[in-house]
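Biologist: Before we go through this model, I would like each label to be set against its rule, so that every conclusion can be followed step by step.

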Amino acid sequence: MASFDLGGRVVLVTGASAGIGRATAGVLAGLGATVIANGRDQGRLDATVAALPGGPHVAAPFDLLDIDAIPAWLKGLAADRPLHGIAHCAGVQVSRAVRQFDVAHFDQVMHANLASALALARGLRQAGVHAAECAMVLVASVGAYIGQPSNIVYGASKAGLIAAARGLAMELLRDGIRVNAVAPALVETDMAERTRRTMSEAQFAGLLDRHPMGIGKPEDVAHAIAFLLGDGARWINGITLPVDGGHLAR
Amino acid sequence: MRREDFLRDMDELLELDPGTLTGREALADLASWDSLAVISFIALTDEKLDTVIDGESLAKAATVQNLLDLLGDRLAA
């Protein structure tokens, strides 16, 4: 279907070395996009790029915690061809009760999850960096909507992304850039597996019980991101789409 | 990391006066050892010792010393 076709589009995928980012790179490439795969580890990025269909795709290692350098980095990336989209999948999840709250923890999570998105938006709106029609998708979380002990700063960072998607959608209208978000529930990723290992079997069973369709696969989220990046979503702007197997419906 | 320093971090985590924990305490006797303390303990070991404690092993711990034993040789005497 033409509205899902991404042929001729150039899309930057952050966090492309693993999990939702890697799956998104795969789905976008499968729909015809040229993928610029970002992460911190050159070797893992090369492996991601090598596995993508079509191409030629590009590995673009860069640490997104270097927030203020992001706009110039994007300008360099787009020097040869403007971007038609960004799928911002990079992020961190660190469980901590508020009794362990400190500024270092706040800065780590907020910079990785929220400030990086804002700097990417700043970079994308620069002249010459984005194509005439462009879209950005942020990866939020159901953690923004539900109260989860020990997930407070993470949830706040993801709620910040949801608010940012709305604000950016309005501010970047004049630049031809749509901005939306997805809000996944628990997805089978290395990050989720790390969390699962820290739980007892009973705790994990309780978590599963809150996912009426089971936990998701990275591709489930990737397909939603691909839709929001493409022409099929040309009249969708500033929304957050839950991709949660009914988690929020319970 | 020294065992004593880790115990002081646990004092802070459990909102106890510095020097309270010795290792001999039963977790059931510590009023502040609750589900959030468990999560906080996992975060503490991740941050300070770069190790992720297995949740099932943690659930079996009965004393502070059992918790320290999970950390093996990452703690120096």
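**The cavity and the interface**

Modeller: The residues that line the largest cavity divide into three nonpolar, two polar and one charged, and I should say at once that this is a predicted model.

Biologist: Which residues make up that lining, and what makes one of them count as charged?

Modeller: The lining consists of A:Leu6, A:Arg9, A:Val11, A:His84, A:Gly85 and A:Leu229. Arg belongs to the charged class while His and Gly fall among the polar residues, so A:Arg9 is the charged member and A:His84 and A:Gly85 are the two polar ones.

Biologist: Why is this space called a cavity, and how many of 30 Å³ or more are there?

Modeller: A cavity is a set of points where a 1.4 Å probe fits but cannot get out, and by this rule the count comes to one of 30 Å³ or more. The largest cavity holds about 30 Å³ of space.

Biologist: Turning to the two chains, why is the pair B:Glu47 and A:Arg96 called a salt bridge?

Modeller: The rule asks for a side-chain nitrogen of Lys or Arg within 4 Å of a carboxyl oxygen of Asp or Glu. In the pair B:Glu47 and A:Arg96 the closest N and O atoms are 2.6 Å apart, and 2.6 Å is within 4 Å, so the pair is counted as a salt bridge. Across the interface of chain B and chain A the rule finds two salt bridges, and the count of residue pairs in polar contact, both residues being at pLDDT 80 or more, is four.

Biologist: Which elements of chain B give two or more residues to the side that touches chain A?

Modeller: They are α2 (35-49) and α3 (55-60) of chain B, and α2(B) gives the most, with nine residues. The residues on that side of chain B divide into ten nonpolar, three polar and six charged.

Biologist: How many residues are in contact, and what area do the chains bury between them?

Modeller: There are 19 residues of chain B in contact with 13 residues of chain A, and the two chains bury about 1300 Å² between them, with 50% of it on carbon and sulfur atoms.

Biologist: What makes the backbone at A:Pro56 and at A:Ser150 worth a remark?

Modeller: A:Gly55 and A:Pro56 are joined by a cis peptide bond, with omega about 10°, and A:Pro56 is found in the loop between α2 (42-50) and β3 (58-59) of chain A. A:Ser150 has phi near 75°, a positive value in a residue other than glycine, and A:Ser150 is found in the loop between β5 (130-139) and α5 (152-171) of chain A.

Key: Residues are numbered from 1 along each chain as its sequence is written. Chains are lettered from A and ligands numbered from 1 in the order in which they are written. This is a predicted model: local features need pLDDT of at least 70, side-chain atom pairs count only at pLDDT 80 or more; totals for chains, interfaces and linings use all residues. Side-chain values use heavy atoms; hydrogens and water are left out. Contact means heavy atoms within 4.5 Å. Buried area is the accessible area (1.4 Å probe) that two parts lose on being put together, summed over both. A polar contact is a pair of N or O atoms within 3.5 Å; within protein, one must be able to donate a hydrogen and the other to accept it, and residues adjacent in sequence count only if both atoms are side-chain atoms. Helices (H or I, at least four residues) and strands (E, at least two) are DSSP runs, numbered from the N terminus. On a 1 Å grid over the protein atoms alone, a cavity is a set of points where a 1.4 Å probe fits but cannot get out, and a pocket is an open set with protein on both sides within 12 Å along at least five of seven lines; lining residues have an atom within 4 Å of a point. Grid points are joined across faces, edges and corners, and a volume is the space filled by probe spheres set on the points.
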